[in-house]
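The exercises below are to be worked with the sequence and the coordinates open side by side. Each task is followed by a solution that proceeds step by step.

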Amino acid sequence: MDKTLEKRKVGVLPNRKRPRVDDKDGVIHHVKEALDEYREILTKLLQKHDSESNQQVCLRPDIEAAMCQRKKGHLVNTRKQLGPISGVKVGDEFRNRAELTVVGLHHKFRHGIEYMKKDGKILATSIVNSGRYANHIASPDILTYSGEGGNPRVDPKKPKDQRLERGNLALKNSMEEGTHVRVIRGINRFEVGTRAKKSSFRTYVYDGLYIVDSFWQEREEFGKLVFKFLLKRISGQPIVTWGKALDKSKKPTVSKDIVCKNDISEGKEKMPIRVVNAIDRASPPAFIYMRNVIYPDFFKATRKGGCDCLHGCLESKSCSCVMKIAGVLSYNNTITDKKSLIYECGTTCKCSSSCKNRISQHGIQFKLEVFRTKSKGWGVRSRSYIPRGSFICEYVGEILQDKEVKQRRGFVIDATRHGNVGRFVSHSCSPNLFARSVLHDHDDVRIPHMMLFAEKNIPPNQELTYDYNSIVGDSNGTTIREALLDKPSGVAPNII
């Protein structure tokens, strides 16, 4: 086989540079970047197609966006491979099939079975249960998957018996070799339209690794023979709770708000934070944007010691920082276990900046914007999808210079004159964010950093909120409301 053709088959683009990634955290960063870039390209294409609605569109916008990104060499995990994909976690959700290609989870835009050649055999790498075939889910851990070929539901031609070739043969070989297959499940989401009519759309959730247990043939609808494959989920993987994971959400929408400021941080954040308003002519209250908290005069941010880990910090006794949090890495998978206090590695640690125990200190990683709400003043939302457990931002302000702060195990943050985007995050009794106290530049538990994290998967353009009455801090049981001075006038919403 021609070598160029072979490369193209496995998804490697000749003569194009791919992002250099040297560690797992770097891969996760590139996966997020690739998805953000893809969604921006898709938004622009949708706007373009809407303005050119009378012209014939040759390619679906979602696929066209991925092809544009591929031409730039900006796709990640482009080589087909067996097993897990770097930067993609069980439970991660994707808006369409093209996003699976962008992150390298499943490279085919339409076919449900992907495979690769290894040691002279083709083996299945991943399957997508999209609902196009009559597949049966006996339980969350067992899937009966229909083979590919001659589907009358999508192919108007006369139905033919399926053959043991291509994807069907790959699944059979995977059963014989005992190799793992990635399973992506398509799910229907519902939203209520303007006239109280329900409309649905499909997203895709990575459900983890499966083995092919057995296969057989049976005569299905339209009288054709089809292959059936019984797949069983590998134990020990994170559990996807489908009842909770499939919360109702809104379709991504293109904001029509008027931009009244391009970057409220004035270049101090890595990503610009724009301010938009489609309600009235109001502007946000004046304040000085700061990336870091301002400590009182009596306090000096120093760290006494750090870990000696040279190859990353793991869940073991070898890392002194991890041992401070009961020997369990706070950022392992997600931090929705909500430990009361998180010790990140700091300036005195020997581990690299890409260490798994350095998350919140790297700053904002998502494109946020401040927007005017109809009834609660100003709020914050993300312009991109946010996975559950992701770091959002720190609540920044001035630590009050009060004698009480010196004596008690507590802290009070005033964001009236100095603050960051966190000052605009509103309260809700059903929040999608939670707060945690974090130490990384000093060891004083009286004055930790207050960091906000995603409670759940958050779609684009959904307001970010947290519960002011939830507990944050150490054993003192301080609530967020007690930790923050009354939020600035015009910023604090009414309690919902």
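**Exercise 1. Determine which backbone oxygen atoms the side chain of Arg303 reaches, and whether Arg303 is buried or exposed.**

Step 1. The side chain of Arg303 comes to 2.9 Å from the backbone oxygen of Glu344, where a polar contact is a pair of N or O atoms within 3.5 Å, one able, within protein, to donate a hydrogen and the other to accept it, with residues adjacent in sequence counted only if both atoms are side-chain atoms. A polar atom of the Arg303 side chain also lies 2.8 Å from the backbone oxygen of His440.

Step 2. This is a predicted model, in which local features need pLDDT of at least 70 and side-chain atom pairs count only at pLDDT 80 or more, while totals for chains, interfaces and linings use all residues. Residues are numbered from 1 along each chain as its sequence is written, and side-chain values use heavy atoms, with hydrogens and water left out.

Step 3. Arg303 belongs to the loop between β11 (288–289) and α7 (320–323); helices (H or I, at least four residues) and strands (E, at least two) are DSSP runs numbered from the N terminus. Because its relative accessible area is 9%, Arg303 is buried, the classes being buried under 20%, exposed over 50% and partly exposed in between, with a 1.4 Å probe and protein chains only.

Step 4. With neighbours within four places in sequence left aside, the contacts of Arg303 (heavy atoms within 4.5 Å) include Cys321, Lys324, Glu344, His440 and Asp443.

**Exercise 2. Describe the surroundings of Thr373 and of Gln462.**

Step 1. Thr373 sits in the loop between β13 and β14, and its relative accessibility of 9% is why Thr373 counts as buried.

Step 2. The Thr373 side chain reaches the backbone nitrogen of Lys376 at 2.9 Å, and one of its polar atoms lies 2.7 Å from the backbone oxygen of Gly377. Not counting residues up to four places away in sequence, Thr373 touches Ile279, Trp378, Gly379 and Glu463.

Step 3. Gln462 is placed in the loop between β21 and β22 (465–466), and at 28% relative accessibility Gln462 counts as partly exposed.

Step 4. Although Gln462 and Ser382 are 80 residues apart along the chain, their C-alpha atoms are separated by 6.7 Å. Leaving aside neighbours within four places in sequence, Gln462 is in contact with Val380, Arg381, Ser382 and Asn432, and a polar contact of 3.2 Å joins the side chains of Gln462 and Asn432.

**Exercise 3. Identify the largest nonpolar core and the elements that contribute to it.**

Step 1. A nonpolar core is a set of buried Ala, Val, Leu, Ile, Met, Phe, Trp, Tyr and Cys residues joined through side-chain atoms within 4.5 Å. The largest one has 36 residues, and those with the most contacts inside it are Leu368, Ile392, Val421, Leu433, Leu452, Leu464 and Tyr466.

Step 2. Two or more residues of this core come from each of β13 (368–372), β14 (378–382), β15 (391–394), β20 (433–439) and β21 (449–454), with β21 giving the most, at 3 residues.

Step 3. Another core, of 26 residues, lies apart from it and has Ala66, Leu100, Phe109 and Leu209 among its members.

Step 4. As a setting for these cores, the chain has 9 helices and 22 strands, and 47% of its 496 residues count as buried.

**Exercise 4. Classify the ring pair of Tyr295 and Phe299, and find which charged side chains lie over ring faces.**

Step 1. A search of the whole structure yields 8 aromatic pairs, and rings of Phe, Tyr and Trp (its six-membered ring) pair if their centres lie within 6.5 Å, with planes under 30 degrees apart counted as stacked, over 60 as edge-to-face and the rest as tilted.

Step 2. The ring centres of Tyr295 and Phe299 are 4.8 Å apart and the planes stand at 40°, so this pair is tilted; both Tyr295 and Phe299 are buried.

Step 3. Phe215, Phe227 and Phe229 make up one aromatic cluster.

Step 4. A charge sits over a ring if NZ of Lys or CZ of Arg is within 6 Å of the ring centre and within 35 degrees of the ring normal. Lys108 lies over the face of Tyr115 at 5.6 Å from the ring centre, and Arg423 over that of Phe424 at 5.2 Å.
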